[in-house]
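Biologist: Could you pick one helix and take me through it slowly? I'd like to hear which side is buried and what sits over it.

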Amino acid sequence: MRRGMIIFLVFNLVLLGFILNSVFTLITLLFEDCTADAIRPYDIPAPSSDLIDQRPKLIPKIIHQTWRNETIPEKWSEAQQSCIKIHTDYEYKLWTDQRSREFIATEYPWFLETFDNYPYPIMRADAIRYFVLAHFGGIYVDMDDGCNRRLDPLLSYSAWVRKTKPTGISNDAMGSTPQHPFFLQVIESLQSYNRNWRVPYITVMYSTGPLFLSVIWKEYIRWGTSEEGRVRILMPDEYIKKPWSFFTYHKGSSWHNEDAQAIFWMGQHWILLTVSGVVLAALLYIVGFTVVRKSHISFPPQFFVNLFRRGGYTSLKKKDDEEKTVEV
Ligand SMILES: *[C@@H]1O[C@H](CO)[C@@H](O)[C@H](O)[C@H]1NC(C)=O
């Protein structure tokens, strides 16, 4: 029985290692505060500052937005116009459904099948923003984000994204130089992350949305990057709400269905959920172990021991061992 027990424990350890490895990035994401790459408030001249920003501009002056077609709903046209009006020297590109598809078909035909088969339109809207940033460079801004000031200071970084709550980064405002290694990695990863997770909200978040982007980002920065490859993080105060923030938020997101509510709740209570999950698993394990010990069921379960005794395992053992296993 001793040997069976050891095999059983090793098997458990390997399984645990395997699970931990596959969720490692997600776990590290929970402890990520983004400070290492944060854009500091003192790096950004105040909106009314006379101090002319002398740093070279790396990101091209292009603003990208996405919408179904050319007709922008009234609730967002104010936000849209606020960006266009103060950036008359920027090129403005509106990626409608039709234009997005044509662009993918022409420039990235290998992705067209995935693009066409995304089950939710928002997934195409997510994907296209990564492709146009990787291709043209520029700044992508969500339709419900208006501009509170000129975005020029943000052109001095080779790429940036913004920090979001409860953890990770979001994809609603991002900037990049063309062919930036981070956004190249993002577009290369889209196909392998395209999975159906049954819950629509998770499918969207993890296949193309902010969770997908956060995981790719964590993997991208894991071993460090060159200065040109660096992805800077716009912190909440510089993003929104303060007088010196770059953007204003116009409520209008379509993300308020029940899935989203449940996930938001889980996001806000993840410590509680994690602790209860671990406690519950430990309790189940202890109870199960005790029950098995007190009953006449052998532990580890006989079928489990047999599983390892059959197949190639026995043939590698010494003769006497082999004889023992034959009895089983
Ligand atoms: C754009 O889409 C909306 C709703 O889907 C529709 O009402 C409108 O007519 C469309 N506009 C154009 C120019 O096709």
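Modeller: Here is a close look at helix α3, with a little on the whole chain first. Keep in mind that this is a predicted model, where local features need pLDDT of at least 70, side-chain atom pairs count only at pLDDT 80 or more, and totals for chains, interfaces and linings use all residues. Numbering runs from 1 along each chain as its sequence is written, and side-chain values use heavy atoms, with hydrogens and water left out.

The protein has 14 helices and 8 strands, taken as DSSP runs (helices H or I, at least four residues; strands E, at least two) and numbered from the N terminus. Of its 328 residues, 42% count as buried, meaning under 20% relative accessible area, with exposed being over 50% and partly exposed in between (1.4 Å probe, protein chains only).

Now to α3 itself, which covers residues 97-107 and has S100, F103 and I104 buried. Seen down the axis of α3, these buried residues fall within an arc of 95°, so they line one face of the helix; the arc is that of the directions from the helix axis to the C-beta atoms. The general rule behind this is that an α-helix has 3.6 residues a turn, so residues three or four places apart point the same way. On the other side of α3, Q98 and T106 are exposed.

As for the cover over the buried residues of α3, it includes β2 (91-95), α4 (112-117) and α5 (121-136). Across the protein, among contacts (heavy atoms within 4.5 Å) between residues at least 6 apart in sequence, 77% join residues at least 24 apart.
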